[in-house]
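Q: Please take a close look at one part of this model, the largest nonpolar core. Which residues have the most contacts inside it, and which elements each supply at least two of its residues?

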Amino acid sequence: MLTSRLVPTLTRVILERKWPWIPAADTLLDPHYLFQQQASPRPLFLSCAQWSNRQEPKQKRNLSEKKLKRYFVDHRRVFVTGGNGGNGMSCFHSEPRKEYGGPDGGDGGDGGHVILKADKHVRSLSSVLSVYRGFDGEPGGSKNCYGRNGDCLYIRVPPGTLVKEENEIVADLSQPGDEYIAALGGAGGKGNRFFLANDNRAPVTCTPGQQGQERVLYLELKTMAHAGMVGFPNAGKSSLLRAISNAKPAVASYPFTTLNPHVGIVHYEGYQQVAVADIPGIIRGAHQNRGLGFAFLRHIERCRFLLFVVDLSVAEPWTQLEDLKYELEKYEEGLSQRPHAIIGNKIDLPQSKVNFPQLQARLEQKVIPLSALTGENLEELLLHLKELYDDYVETEGKQGREPLNW
């Protein structure tokens, strides 16, 4: 047979005893076996590159709602330092057949400034870091080569940012494109070429670059949103903001759930956007800095019109409205008289339906009853909110000022 001729019997026996996992020689030479081995897949002998291509791509884990929150930051403490100037160079010109070439050390470059710039695409101070340092200038070189100046470092802030230093306003970046030099860069040092004079033909003196300016600044937004929701803790402000916008503030059954302001955008026809702020709850005595105190009232001060949110399920809800207006008026005279709307929340509860007629009877202004949980009567609130925004735009136009755009 062909098998006996190609593979001797003794060799075949030795191979089968030493490596029993190797097929017999008769099997190796069988055409049917060879065809099966070529056609069958070999997953155990795939390379790493081939195996990685066969794996399914890994999907990113969905972030929790807590990590997706972005708080509205309206104040920030920033430590800024300008860039240092480059050192001057001390050297002398060297050239064949020119023994006394003279000094040719160049000056160092100036340090870069740190500049605050108002950008209309920035809405909050959340992207502003706490420490900034400008770019340093390069040192001078030989052959009268000056060092390169450091580039300016721009910090983008939203329009309407107040810059304070030790409780003193030093800049008001009210319009897009406004700039303010927060920290000056240091001047570059002088090379020995600068000190050449008739009485000093070979100066060796050079000066180092100056240090950049260091300042501690406080940034505050004087404009926060179009509408600000004012109410006591657990009145349903966060739930209401969730119902009318895509904002996701925390909602719970205990008071002081909201400790940082949230801003939601309400969209209307014609690409108009109204910004509504969910501000932390107020308590009695806030004008005396109780609770969140001045931090809360500062947020309200920067809103163009207000939405008073009253919990209809509590006893005598009209006292809440009186206390809210009293705290605002004590903090700043005329603050409670700004254009506003009164919202009676939690109308879906049985006790709220009993208290609502009594609240409306005590007030001359219309109260909008709604339920942020079930969505009842939200359309009336959205229509009234649009009316307040249109009145605000008309008022700003008559006074020759540009309204706040989001």
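A: The answer starts with the basis of the model, then goes through the core, the sheet, the pocket and some parts elsewhere.

This is a predicted model, in which local features need pLDDT of at least 70 and side-chain atom pairs count only at pLDDT 80 or more, while totals for chains, interfaces and linings use all residues. Residues are numbered from 1 along each chain as its sequence is written, and side-chain values use heavy atoms, without hydrogens or water.

The protein has 11 helices and 14 strands (DSSP runs numbered from the N terminus: H or I of at least four residues, E of at least two). Of its 406 residues, 40% are buried (under 20% relative accessible area with a 1.4 Å probe, protein chains only; exposed is over 50%, partly exposed in between). Taking contacts (heavy atoms within 4.5 Å) between residues at least 6 apart in sequence, 70% join residues at least 24 apart.

The largest nonpolar core (buried Ala, Val, Leu, Ile, Met, Phe, Trp, Tyr and Cys joined through side-chain atoms within 4.5 Å) contains 26 residues. Leu240, Val276, Phe305, Leu307 and Leu385 have the most contacts inside this core. At least two core residues come from each of the strands β9 (225-230), β11 (273-278), β12 (303-311) and β13 (340-345), and from each of the helices α7 (237-244) and α11 (378-398). The greatest contribution is that of α11, with 6 residues.

Phe305 gives a local view of the packing. Leaving out residues up to four places away in sequence, Phe305 touches His226, Ala227, Gly228, Val274 and Pro339, together with Leu385, Leu388, Tyr389 and Tyr392. A separate second core has 25 residues, among them Ile279, Leu306, Leu324 and Phe356.

Next, the sheet. β9, β11, β12 and β13 are among the 6 strands of an open sheet with mixed pairing, in the order β10-β11-β9-β12-β13-β14 (a pair needs at least two DSSP bridges). β10 (262-267) and β14 (367-369) are its edge strands, each pairing on one side only. β12 and β13 run parallel and are joined by 6 bridges. Phe308 is placed opposite Ile342 of β13.

Both β12 and α11 also give two or more residues to the lining of the largest pocket. A pocket here is an open set of points on a 1 Å grid over the protein atoms alone, where a 1.4 Å probe fits, with protein on both sides within 12 Å along at least five of seven lines; lining residues have an atom within 4 Å of a point. The lining counts 28 residues, of which Arg304, Tyr392, Glu402, Pro403 and Leu404 are closest to the pocket centre. α11 supplies the largest share of this lining, 5 residues.

Elsewhere, 3 strands form another open sheet of mixed pairing, β4-β2-β7. β4 and β7 (179-183) are at its edges with a single partner strand each, so one side of each has no neighbour in the sheet. β2 (114-118) pairs with β4 in the parallel sense over 5 bridges, and Ile115 has Tyr154 of β4 as its bridge partner.

Two non-glycine residues have positive phi. Asn144, with phi near 60°, sits in the loop between β3 (131-133) and β4 (153-157) and is partly exposed at 36% relative accessibility. Glu166, with phi of about 55°, is in the loop between β5 (161-165) and β6 (168-173) and is exposed, at 71% relative accessible area.
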